[in-house]
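Me: Please take a close look at one part of the model shown below, and then work outward from there to other parts of the chain. I would like the reasoning spelled out wherever a classification depends on a cut-off.

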Amino acid sequence: MHPSSPGVPSIGVVVLQPTPFCNINCTYCYLPQRNVRTQMRQDTVRTLFAKIFASRWRGEELTVIWHAGEPLVLPVSFYARAFAAIEALRPAELHLQHAIQTNGMLLTREWCDLFRAWRVGVGVSIDGPRRLNDEHRLSRKGGSTFDRTLAGIRLLREERVPFHVISVLTERSLEAPREMLEFYLAEGIEDVCFNVEESEGDHRSGLFAAADVQRRFRSFLAEFWKLSRQSGRIRFIREIDGMLPRIFRPEDPGLRNVQVEPFAMLNVDCQGNVSSFSPELLGLRNAAYADFIIGNIETDSLEDMRNSAAMLSMSRDIAAGVERCRRSCEYFSVCGGGAPVNKLTENGSFVSDRTAFCRLTQMVPTDLILEALERMEHDLNNDDLARAYGQLIPHAARSLRGGSGEDGDRNPRGEA
Ligand code: SF4
């Protein structure tokens, strides 16, 4: 997935906003255009993928994420046509995976058929049991969204469509790891991701600004991890299981952060406007970077976009921010320089390093995993340890048994 040659972009993820419209109105939503009903045209989809596939900038794998607004407000037929058009253009050797992020309220059996037919990765947003979900995830009339989202989740299970959930953690849910777990277990939810309510765009999170948010998230995650492992019924916690391969990667020392690499992530709105880097930048206003728009897929070539003033200035400043991270941060080897949108929102500049977001998403999980390993190293003899690591990730066990001196990779903080 790395660029095939130095300086040549490598497009790994395309985030498409088929419509900015959302059928609900979460209090923490940062999307400024969630009342706008514009739809992406099929021609825009075809033009976009024809240009990507014809370019030298595609890697061997491409993830296509349909997101931003509620994608299921468009009919099933929109995606059936779009997926077929992309498939007709796809080079045979390219592995392409579709993913969709939804609030689940509009799910029907027809959607499930589509997801199964195209092997679409499905993520459902729900913030836990009713009392926690309905704190912020509200209908347009200010009512509960819980029953309809839960009905969608139950339908996915009934139809055997694999899915994960993303839950935003707020003041109250941070105090309730057991209650969150009991909800997931009761609903047969096995794959979970957490986002702490953050400041993005115009939304300012009081929680993010709180002095003790890091301690509280750490306490939540540690307890949730412990209880979920004891239950044996949670298969994947993104903040832990997604971080493990980034810490244990003796056979692949390079870490890719698609949010800081020009064109690694291509974000396209319903009118064909293109941005890169963090997907949340698309739709935000900013005079210094031309609202983060590097061109329009209908009228501009990828090369034009690469040479646009917005792309050149963003690339320069984001790279300078990554360099600051590289020089100053002991977590750089598992993070790769963070999320530009959070640097800009929290610090006022891409040319910056630490954010509350990176403390929560990178530092806290890394610390918890390393501390767990230290406890294991202390408690186990070498054979037991190799077996235990083997359960975490096979590469780690190989490197331990082979004594290949990969300690630097096991310890992103570079501690002895
Ligand atoms: S953890 Fe934060 S400071 Fe460290 S590399 Fe990542 S974004 Fe930069």
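Reply: R160 is found in the loop between α5 (146-158) and β5 (163-169), and in this predicted model its phi is near 55°, a positive value in a residue other than glycine. R160 has 8 other C-beta atoms within 10 Å, and because a residue with 12 or fewer counts as exposed, R160 is classed as exposed.

A second arginine can be described in the same terms. R119 lies in the loop between α3 (109-118) and β4 (121-125), and its phi, near 50°, is likewise a positive value in a residue other than glycine. R119 counts as exposed because it has 11 C-beta neighbours inside 10 Å, which falls under the limit of 12 or fewer.

The helix that precedes R119, α3, also takes part in a helix pair. The axes of helix α2 (residues 76-89) and α3 come within 10 Å and cross at roughly 15°; because angles under 35 degrees count as roughly parallel, that is the description given to α2 and α3. The crossing of α2 and α3 is left-handed, and the contact is made by V76, Y79, A80 and F83 of α2 together with E110, W111, L114 and W118 of α3.

Another pair, α6 and α8, has a wider angle between its axes. The axes of helix α6 (residues 177-186) and helix α8 (residues 213-231) come within 9 Å and cross at roughly 40°, an angle that is neither under 35 degrees nor in the range of 65 to 115, so α6 and α8 are oblique to each other. Their crossing is right-handed. On the α6 side the contact involves P177, R178, M180, L181 and L185, which meet F220, E223, F224, L227, S228 and S231 in α8. One of these, L227 of helix α8, can be followed individually: leaving aside its neighbours within four places in sequence, L227 is in contact with P177, R178 and L181. L227 and R178 are 49 residues apart in sequence, yet 7.3 Å apart in space, C-alpha to C-alpha. L227 has 16 C-beta neighbours inside 10 Å, and because a residue needs 20 or more to be buried and 12 or fewer to be exposed, L227 counts as partly exposed.

Helix α12 (residues 309-328) is a case where burial can be read around an axis. At 1.5 Å a residue, the 20 residues of α12 should span 28 Å, and its end C-alpha atoms are 29 Å apart, which agrees. The buried residues of α12 are A310, M311, M314, I318, G321, V322 and C325. They cover an arc of only 105° around the axis, which means that they sit on the same side of α12. The face turned away from that buried side carries the exposed residues A309, R316, R327 and S328, while the buried residues pack against β9 (273-276), α11 (302-306), α13 (332-335) and α14 (340-347).

These parts belong to a chain with 18 helices and ten strands. Of its 416 residues, 42% count as buried. Among contacts between residues at least 6 apart in sequence, 70% join residues at least 24 apart, and the pairing of L227 with R178, 49 residues apart in sequence, is a contact of that kind.

Methods. Residues are numbered from 1 along each chain as its sequence is written. This is a predicted model: local features need pLDDT of at least 70, side-chain atom pairs count only at pLDDT 80 or more; totals for chains, interfaces and linings use all residues. Helices (H or I, at least four residues) and strands (E, at least two) are DSSP runs, numbered from the N terminus. The expected span of a helix is 1.5 Å times one less than its number of residues. The arc is that of the directions from the helix axis to the C-beta atoms. Two residues are in contact if their C-beta atoms, placed from the backbone, lie within 7 Å. Axes are lines fitted to C-alpha atoms, for helices over the stretch in contact, and angles run from 0 to 180 degrees between N-to-C directions. Angles under 35 degrees count as roughly parallel, over 145 as roughly antiparallel, 65 to 115 as roughly perpendicular and the rest as oblique. A crossing is left-handed if the near helix is turned anticlockwise from the far one by less than a right angle, and right-handed if clockwise.
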